[in-house]
Amino acid sequence: MDDSNMRPASEELPASYVRLLLDACWKAKSIAELMPELPRGMKPRYVHVIDAVWHINAPHGQGMATARVSDVSAFLGVTTPSVTKLVGEMVDRGLLVKHANDTDRRAVTLTLTERGLAIRKAYVADYHAHLGELLAGITPEECATVARVMNRTLPLMRDDGWKATDNDRETNNRRMTDGKDDDES
């Protein structure tokens with residue numbers, strides 16, 4: 001990776017670029033909302049888990065249960081308890097099968113059911129192929145840059161904890177209702 005465009009962490013990002021980045025985030029949210037509607041009762045997170053299980057099992061074939069809950073959580077970058085809960089829901093909905101290990105009953109591996117495979121084909125493989133054609137003018141480098149920036153931005157903002165103080169909120173609320181800044185008085 002070429003880091004020639006990296007700025008020192010101590011150098012503040014100008015507000016105009018912060019605005020540009022946040023506007024792009026709003027557009028990304030709008031793009032995500034344009035994804036095909038899922039079947040009733042299907043959560044978007046289920047599709048992520050289905051895709052993770054598919055990728056983890058792929059080297060050995062979809063019939064071979066090698067994906068563990070911890071593998072799925074690592075693949076998705078989420079906590080194991082949240083994946084455990086999703087897996088339970090997905091087993092109940094006929095999307096996944098849990099396979100217990102004969103020697104360690106706690107060691108569970110996962111495979112996709114026919115329904116899970118069909119969901120992945122429709123909402124991942126076919127949809128991504130369609131988008132690949134639609135987005136033909138966008139370069140792989142541009143995609144990698146967007147992904148890299150989003151992957152750096154999310155944890156920074158998630159861990160920040162910045163909150164406007166009560167005084168800041170009070171002043172800003174008064175400005176919004178009065179239609180003027182305190183500096184203008």
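The following exchange concerns the surface patch and overall make-up of a predicted model.

User: What makes the nonpolar patch, and what is its area?

Analyst: Leu13, Tyr17, Val18, Leu20, Leu22, Trp26, Leu156 and Met157 form a nonpolar surface patch of about 840 Å². A patch takes residues with over 30% relative accessible area and no salt bridge (a side-chain nitrogen of Lys or Arg within 4 Å of a carboxyl oxygen of Asp or Glu); nonpolar side chains (Val, Leu, Ile, Met, Phe, Trp, Tyr) are joined within 5 Å, and like charges within 9 Å. Accessible areas follow the Shrake-Rupley method with a 1.4 Å probe, and for residues only the protein chains shown count as cover.

User: Why is Val18 called partly exposed?

Analyst: Partly exposed lies between buried, under 20% relative accessible area, and exposed, over 50%. Val18 has 33% relative accessibility, so Val18 counts as partly exposed. Val18 lies in helix H1.

User: Which helices supply at least two residues of the patch?

Analyst: Helix H1 (15–33) and helix H6 (140–160) each do so, and H1 gives the most, with five residues. Helices (H or I, at least four residues) and strands (E, at least two) are DSSP runs, numbered from the N terminus. The chain has seven helices and three strands.

User: What share of the chain counts as buried?

Analyst: Of its 185 residues, 18% count as buried. The accessible surface of the chain comes to about 13,800 Å², with 57% belonging to carbon and sulfur atoms.

User: On what basis are these values given?

Analyst: Local features need pLDDT of at least 70 and side-chain atom pairs 80 or more, while totals for chains, interfaces and linings use all residues. Residues are numbered from 1 along each chain as its sequence is written, and side-chain values use heavy atoms, leaving out hydrogens and water.

Key: Buried means under 20% relative accessible area, exposed over 50%, partly exposed in between (1.4 Å probe, protein chains only).
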